[in-house]
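Please open the structure in your viewer, with a cartoon drawn for the backbone and side chains ready to be switched on by selection. The tour below moves from one selection to the next and says at each stop what is there.

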Amino acid sequence: MERSEEIGEKAGRLEAWLAGERLDVALLRTQANFSWMTGGRSNAIDLSQPLGVATLLVARGGRRWVIADAIEMDRLLREELPGQWRPVEIPWAEGQADPDLAVKKAREVLGTGATLAADWPVGDARACPDEIRRLRSRLTPGEIERLRALGRDAGEALGEVCRNLRPGLSEVEIARRTATALADRGADPVVLLVGAGERLERFRHPVPTAHRWDRGGVMVVACPRREGLTVALTRIVWAGPVPEEIRRRTQAAARVNARLLAATRAGVRASELFAVAARAYAELGFPREEERHHQGGAIGYLSRDWIAHPESTEVVESPQAFAWNPSITGTKVEETWIVDGGEAEAVTCTPGWPGLEVEEDGRLYKVPDVVSTEHLDPARVSRPKTI
């Protein structure tokens, strides 16, 4: 699907939702929704802010505008939005002085009686961030191809970094190498964690520090983003032989992952999927492990579009991307998958990385294993171990 066709299909979803809600126009300003609606373009300048520097207006009847100030409009029209959107330019100082200016400009082009929805709280527009986010869930063919390409590059990048890890490196140095390998492939990590030794054993979200890896394992976690889309993956390297207890725990985490994927089907509630994980941990001898860390969930234009939990009402779409991340103290498995019908395709695989294959409901699900430094070899190709 060409980008223009993709944009048209997404605008159609949004227009149908507007009609059902008796609304006239949606204002999209979050970086995630801007990238979604434009097929991977960006309104970002300051990555620390969820809102970008331009607002899209998508109105019923196929009408589309972009609101931006004089600093950004020319660049946006030339490099981000060629031929797709009618411009509504505002003075930059006026935009700074009036946080509700986008609503006022929308009514200027649509009429004073227009009813508005927005993906952030603004003026008297109806704030609908969750409803609009759900419209992103079902992947287009173009998004699937971009996710596959990003996943392939991310898997190669982490493999490149992790095959060259040796004790003595600091977590921040490992993080720097990871960020560089991803940047070389045009991706920016929106999440980057590194936990070594006792920090891997103690923390599920180890933000990189000056701590040096001198024993045990080192875990590298990344959520790289490119063209608005995000994938998630984890790799663990062990200094010396991998302890049998860590292997046992990793195999159990792989089984939890397989059960989650087997249950991830269109129409299933996220709360049901959380229950699948909780039962699996208990049956495998690790009861209540799900209370120590979230199990992941849907992924796309955020590092997680939603996370499964006991009260979640989110529902699986198809095709949709998921990153489940079962963890047991000292280990974890995580890949990004595209789930379509009854099939789950891993897109973040690292070529040649030793893996674990788990059979569930007649299907095999492969996840990365914990790898010893004794077996690291840039040219090594390993076959997955079936458990």
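The model is a predicted one, and the tour begins with a pair of helices. Select helix α7, residues 141-162, together with helix α8, residues 171-183; the two pack at an angle of about 145°, and their axes are 9 Å apart. The crossing that they make is right-handed. To look at the contact itself, show the side chains of Ala154, Ala157, Leu158, Glu160 and Val161 in α7, which meet Ile174, Arg177, Thr178, Ala181 and Leu182 in α8. By class, the residues of this contact divide into 7 nonpolar, 1 polar and 2 charged.

Keep α7 selected on its own for a moment. Its 22 residues reach 31 Å from the first C-alpha to the last, which is close to the 32 Å expected at 1.5 Å a residue. If you colour the helix by accessibility, 16 of the 22 residues of α7 come out as buried, so the helix is largely enclosed by the rest of the structure.

Next, select the open sheet of 6 strands, whose order is β4-β3-β2-β1-β5-β6 and whose pairing is mixed. At its edges lie β4 (86-90) and β6 (126-127), each of which pairs on one side only. Zoom in on the β6 edge, where strand β5, residues 116-118, pairs with β6 in the parallel sense over 2 bridges; here Ala118 stands opposite Ala127 in β6.

Now add the helices that lie against this sheet. Helix α1 (residues 3-21) lies across β1 (25-30), β2 (51-59), β3 (63-69), β5 and β6, and runs at about 70° to β2. Helix α5 (residues 101-110) also packs on the sheet, where it touches β1, β2, β3, β4 and β5, and its direction makes about 140° with that of β3.

Move on to strand β8, residues 217-226, of which 9 of the 10 residues are buried, so that the strand is largely enclosed by the rest of the structure. Which strands should be selected alongside β8, and in what sense do they pair with it? Strand β7 (residues 188-196) pairs with β8 in the antiparallel sense over 8 bridges, and within that pairing Val191 stands opposite Cys223 in β8. Strand β10 (residues 233-238) is likewise antiparallel to β8, over 6 bridges, with Arg235 in β10 as the bridge partner of Val220. Strand β9 (residues 229-230) pairs with β8 in the antiparallel sense over 2 bridges, and Arg226 stands opposite Leu229 in β9. The hairpin of β8 and β9 has 2 residues between the strands, and Glu227 in this hairpin takes a positive phi near 50°.

The last stops concern backbone geometry in loops. Select Arg288, in the loop between α11 (270-283) and β11 (296-299); this residue has a positive phi of about 70° although it is not a glycine, and with a relative accessible area of 55% it is exposed. Then go to Pro319, in the loop between β12 (306-307) and β13 (320-324), and inspect the peptide bond from Ser318 to Pro319, which is cis, with omega near -5°. Finish at Asp361, found in the loop between β18 (355-360) and β19 (363-368). Its phi is near 55°, a positive value in a residue other than glycine, and at 59% relative accessibility Asp361 counts as exposed.

Definitions and conventions
Residues are numbered from 1 along each chain as its sequence is written. This is a predicted model: local features need pLDDT of at least 70, side-chain atom pairs count only at pLDDT 80 or more; totals for chains, interfaces and linings use all residues. Side-chain values use heavy atoms; hydrogens and water are left out. Axes are lines fitted to C-alpha atoms, for helices over the stretch in contact, and angles run from 0 to 180 degrees between N-to-C directions. Helices (H or I, at least four residues) and strands (E, at least two) are DSSP runs, numbered from the N terminus. A crossing is left-handed if the near helix is turned anticlockwise from the far one by less than a right angle, and right-handed if clockwise. Contact means heavy atoms within 4.5 Å. Ala, Val, Leu, Ile, Met, Phe, Trp, Tyr, Cys and Pro count as nonpolar, Asp, Glu, Lys and Arg as charged, and the others, Gly among them, as polar. Two strands pair if DSSP finds at least two bridges between them. The expected span of a helix is 1.5 Å times one less than its number of residues. Buried means under 20% relative accessible area, exposed over 50%, partly exposed in between (1.4 Å probe, protein chains only).
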